[in-house]
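The exercises below are meant to be worked through with the sequence and the structure side by side. Try each task before reading its solution.

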Amino acid sequence: MAATLLPTLSPPVSRAAAAFLLRRAPLKPSHYVHPPSTLRRLLISSYPAIPAMCPLSTMSSTTAARAVPVRRDLLMLGIETSCDDTAAAVVRGDGEILSQVVSSQADLLARYGGVAPKMAEEAHALVIDQVVQKALDDAKLSESDLSAVAVTIGPGLSLCLRVGVHKARQVAKAFGLPIVGVHHMEAHALVSRLANKDLDFPFLALLISGGHNLLVLAHGLGHYIQLGTTIDDAIGEAYDKSARWLGLDMRKGGGPALEELALEGDPNAVKFRVPMRQHKDCNFSYAGLKTQVRLAIESKNLCTEDIPVSAASEEDRQSRANIAASFQRVAVLHLEERCERAVEWALNMEPSIKYFVVSGGVASNKYVTTRLNHVAGNNGLQLVSPPPSLCTDNGVMIAWTGIEHFVAGRFEDPPAADESDDMQGIGHKWAN
């Protein structure tokens with residue numbers, strides 16, 4: 001689901017999350033055949049909204065002395081509230097999912113035609129306690145059984161993120177648990193390692209959601225090179241807006257609704273232009289394609305605001321289906337073209353790559369994964385994508401990423417009893 005990113009969050013952040021966040025180096029308009037030298041050695045630094053953390057060697061003596069449980073015995077609670085779903089899960093250190101709970105805001109999305117940050121925050125606050133408690137109950141555990149708590153710290157809607165951080169800190173403080181701050185997009189990448197135990201570094205990852213498109217070369221845990229990103233709107237945003245303009249039922253999500261309607265249409269009926277073909281890089285742009293969709297709807301005089309697709313005439317419905325199918329073909333063709341170049345760049349830097357990971361909410365789209373599977377196969381790579389329930393935002397991916405970093409010794413001490421759980425208090429502490 002589309003979300004405006006507000007990078008103003010300063011929660012307790014693990015070194016792992018700080019390490020993942022990418023310092024973007026703008027690409028010059030050029031005719032690169034291989035990745036520019038600035039990208040070859042682009043190691044990640046801290047996200048501008050999150051102060052850089054000290055090296056692991058300077059971790060506090062309390063943290064350094066803490067005994068990390070044997071991996072099988074490690075129990076991680078994961079909390080995710082970055083956008084429009086309230087999610088929590090408990091995952092064992094070996095990857096066994098003990099519980100997974102998601103509270104959807106589908107009715108709010110349908111009512112407002114997208115994510116309304118203040119409404120989303122209030123919805124998170126109303127259910128966060130019940131969601132976390134159900135995750136513990138389903139796992140047949142209490143907070144005292146946990147090894148640590150992992151929580152999404154960004155990117156996302158700051159109002160929503162603070163709800164999850166506040167809850168995570170409450171639990172960690174009350175039960176003396178270490179806390180791991182998780183970067184949302186890294187979690188989308190690493191959850192594939194839970195789903196596919198053979199997946200090892202290095203690998204190429206395409207992360208596609210409502211708020212982000214990212215192409216990264218994953219060298220190792222916390223060590224990523226950004227090959228491409230969206231310069232305006234992400235593909236998930238384009239799916240959502242197009243679905244709303246076509247009068248689709250947003251309660252099932254814009255992406256799934258549009259994919260379903262596209263099955264009835266002719267993908268060549270509307271001649272949309274493929275974005276950015278003149279740019280020889282790996283970046284994405286969907287703002288222009290969105291505009292093309294809106295103009296196509298207007299040119300056919302479709303009354304999509306007043307008449308939902310379920311009430312449309314047969315001719316009207318076919319016109320909408322043709323637009324949906326044509327949009328999807330071009331939107332995914334843009335993905336294919338950028339990924340083809342990214343594969344070339346990645347193999348140039350890391351010839352040992354065997355896997356192409358595709359994750360994020362849009363990865364649950366069957367048309368998308370089918371087309372990208374061709375890209376992988378044509379380049380001798382194996383496509384790896386989590387099951388649909390782990391593609392969309394969920395607590396499992398946060399818990400698993402927390403486990404990966406916790407085992408590596410990257411976590412924060414339990415919050416002190418006198419520490420504030422609000423965002424300002426957290427941000428002030430880490431700014432010093």
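**Exercise 1.** Find which residues Arg-72 touches, leaving out residues up to four places away in sequence, and decide whether Arg-72 is buried, partly exposed or exposed.

*Solution.* Bear in mind throughout that this is a predicted model. Leaving out residues up to four places away in sequence, Arg-72 touches Arg-92, Gly-93, Asp-94 and Glu-96. To place Arg-72 in the chain, look at the loop that runs between α3 (61-65) and β1 (75-80), where this residue lies. Next, take one partner, Arg-92, which is 20 residues away from Arg-72 along the chain, and note that the two C-alpha atoms are separated by 6.5 Å. Finally, the relative accessibility of Arg-72 is 40%, and since partly exposed covers the range between under 20% (buried) and over 50% (exposed), Arg-72 counts as partly exposed.

**Exercise 2.** Work out how helix α5 and helix α6 are oriented to each other, and describe which kinds of residues make up their contact.

*Solution.* Begin with the axes of α5 (residues 117-138) and α6 (residues 158-175), which come within 8 Å and cross at roughly 20 degrees. Angles under 35 degrees count as roughly parallel, and therefore α5 and α6 are roughly parallel to each other. The handedness of this crossing is right-handed. The contact involves residues of α5 including Pro-117, His-124, Ile-128 and Val-132, while α6 contributes, among them, Leu-159, Cys-160, Arg-162 and Lys-167. Sorted by kind, the residues of the contact of α5 with α6 comprise eight nonpolar, one polar and five charged.

**Exercise 3.** Do the same for helix α8 and helix α11: determine their orientation and sort the residues of their contact.

*Solution.* The axes of α8 (residues 235-245) and α11 (residues 314-349) come within 11 Å, and their crossing angle is roughly 175 degrees. Because angles over 145 degrees count as roughly antiparallel, α8 is roughly antiparallel to α11. On the α8 side you will find Ile-235, Ala-238, Tyr-239 and Ser-242, which meet Phe-327, Gln-328, Ala-331, Val-332 and Leu-335 of α11. The residues of this contact of α8 with α11 divide into seven nonpolar, two polar and no charged.

**Exercise 4.** State how many helices and strands the chain has, and what share of its residues is buried.

*Solution.* Counting the elements gives 15 helices and 10 strands. Of the 432 residues in the chain, 59% are buried. As a last step, consider the contacts with a separation of 6 or more, of which 77% join residues 24 or more positions apart.

Definitions and conventions:
Residues numbered from 1 in each chain as written. Predicted model: local features only at pLDDT ≥ 70, side-chain atom pairs only at ≥ 80, totals over all residues. Heavy atoms only, no water. Helix = DSSP H or I, 4+ residues; strand = E, 2+ residues; numbered from the N terminus. Buried < 20%, exposed > 50% of the residue type's maximum accessible area, 1.4 Å probe, protein only. Contact = heavy atoms within 4.5 Å. Axes fitted to C-alpha atoms, helices over the stretch in contact; angles between N-to-C directions. Parallel < 35°, antiparallel > 145°, perpendicular 65-115°, else oblique. Left-handed = near helix turned anticlockwise from the far one by under 90°. Nonpolar A, V, L, I, M, F, W, Y, C, P; charged D, E, K, R; others polar.
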